[in-house]
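Reader: Hi! I'm new to reading structures and would love a close look at one part of this one. Could you walk me through the place where the two protein chains meet, and then show me what lies around it?

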There are 2 protein chains.
Amino acid sequence: MKNSILERIELEMAVLVRRVTSITSKNKIGNLDRSAYLLLHQLSVHGPLGVKTLADNLQLDTSTVSRQAASLEKKGYVYKVPDHVDRRAYFLQLTESGTEDFNEYKKARLDRFEVLTDDWTDEERQQFGHLLKKFNKAILEK
Amino acid sequence: MKNSILERIELEMAVLVRRVTSITSKNKIGNLDRSAYLLLHQLSVHGPLGVKTLADNLQLDTSTVSRQAASLEKKGYVYKVPDHVDRRAYFLQLTESGTEDFNEYKKARLDRFEVLTDDWTDEERQQFGHLLKKFNKAILEK
DNA sequence: TTACATAGTTGTATTATACAATTATTTATA
DNA sequence: TATAAATAATTGTATAATACAACTATGTAA
């Protein structure tokens, strides 16, 4: 029945979040945690962005992003570029070392996922990626 | 290529954890948060368990579980049953109100997942549940 | 019987987060 | 155009979930 499928998804999702959280709280490769990673990911994909935009994209409060940004700035991973059009705002720009460490962290994550799915078929990996993306989109929109 | 599939999984997983965390930090149905939910889930599936076993199952520190248990006890969701074999330990037993609120919370979660996947095929839901489970198992074992 | 191990608790610290108040600036309105 | 409302970012404060370390009481092994 549909309901038992949902029950499985529901439970495994709770477990997943619990486990992944517990992994990422330990596995700090270099100086990056998951939050910082997602922020840098945004910058690496979209180029320089302001705190507001990042907060929207990451579904976080601006105060949270502001602190994350400050922390990344202190580590030399990003720097602030004034927005000459709107002088309240500025853009967070990835530094070279930020880019480097981001890539290193990403590589380490990929290696981890590679191991975790090394006995999966390509079809399964494909499906999993597809469904995760679909699910994330649903969360965002519904 | 295999690598781009992994990149998708890797990214969507980071996003998923971020989004789900942000949902569950707001959506406190009744008195339950995700941690408490998983603890009660353990009890509801396995029957009365001690702090140590719960901590192992949930991959948490015993101190963390101890506090969660204390908090659930204060809310009247569980109570402690002394273990007469090992007098250092006891079992956490679900109360009636604990069971009730657990079920209510679970129902609310299921409804949420129902909405999130209402335009999915049964096949997709099935696959998603299956792959999540497989992935969780991999995290635990690898 | 003494030493080591274990179940649980409590003290302390860290991290990620939100909300509220504040400052500086921009946009809209009267 | 002058003033009011909105907005970008920061900072103060609070909370929640977590870990590690120290401790107590009890159990197990040498």
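Author: Happy to! Keep in mind that this is a predicted model. Let's begin where the chains meet: 46 residues of chain A are in contact with 46 residues of chain B. On the chain A side, helix 1 (2-26), helix 2 (34-46), helix 5 (96-116) and helix 6 (122-141) each supply at least two residues. Helix 1 of chain A gives the most to this side, with 19 residues. Sorted by character, the residues of chain A that touch chain B divide into 23 nonpolar, eight polar and 15 charged.

Now pick out helix 5 of chain B, residues 96-116. At 1.5 Å a residue, its 21 residues should span 30 Å, and its end C-alpha atoms are indeed 30 Å apart, so the two values agree. Its buried residues include Phe102(B), Tyr105(B), Arg109(B) and Phe113(B). Seen down the axis of helix 5 of chain B, the buried residues fall within an arc of 140°, so they line one face of the helix. On the face turned away from that buried side you will find the exposed residues Glu96(B), Asn103(B), Lys107(B), Asp111(B) and Val115(B).

Finally, turn to DNA strand C. There are 27 residues around it, and Ser63(A), Gly50(B), Lys52(B), Ser63(B) and Ala89(B) come nearest. Helix 4 (62-74) of chain A gives two or more residues to the surface near the strand, as do helix 1 (2-26), helix 3 (51-58) and helix 4 (62-74) of chain B. Helix 4 of chain B gives the most, with six residues. By character, the residues of this surface divide into six nonpolar, 10 polar and 11 charged.

Terms used: Residues numbered from 1 in each chain as written. Chains lettered and ligands numbered in written order. Predicted model: local features only at pLDDT ≥ 70, side-chain atom pairs only at ≥ 80, totals over all residues. Near = placed C-beta within 6 Å. Helix = DSSP H or I, 4+ residues; strand = E, 2+ residues; numbered from the N terminus. Nonpolar A, V, L, I, M, F, W, Y, C, P; charged D, E, K, R; others polar. Expected span 1.5 Å × (residues − 1). Buried ≥ 20, exposed ≤ 12 C-beta atoms within 10 Å, placed from the backbone. Arc of directions from axis to C-beta. Contact = placed C-beta atoms within 7 Å.
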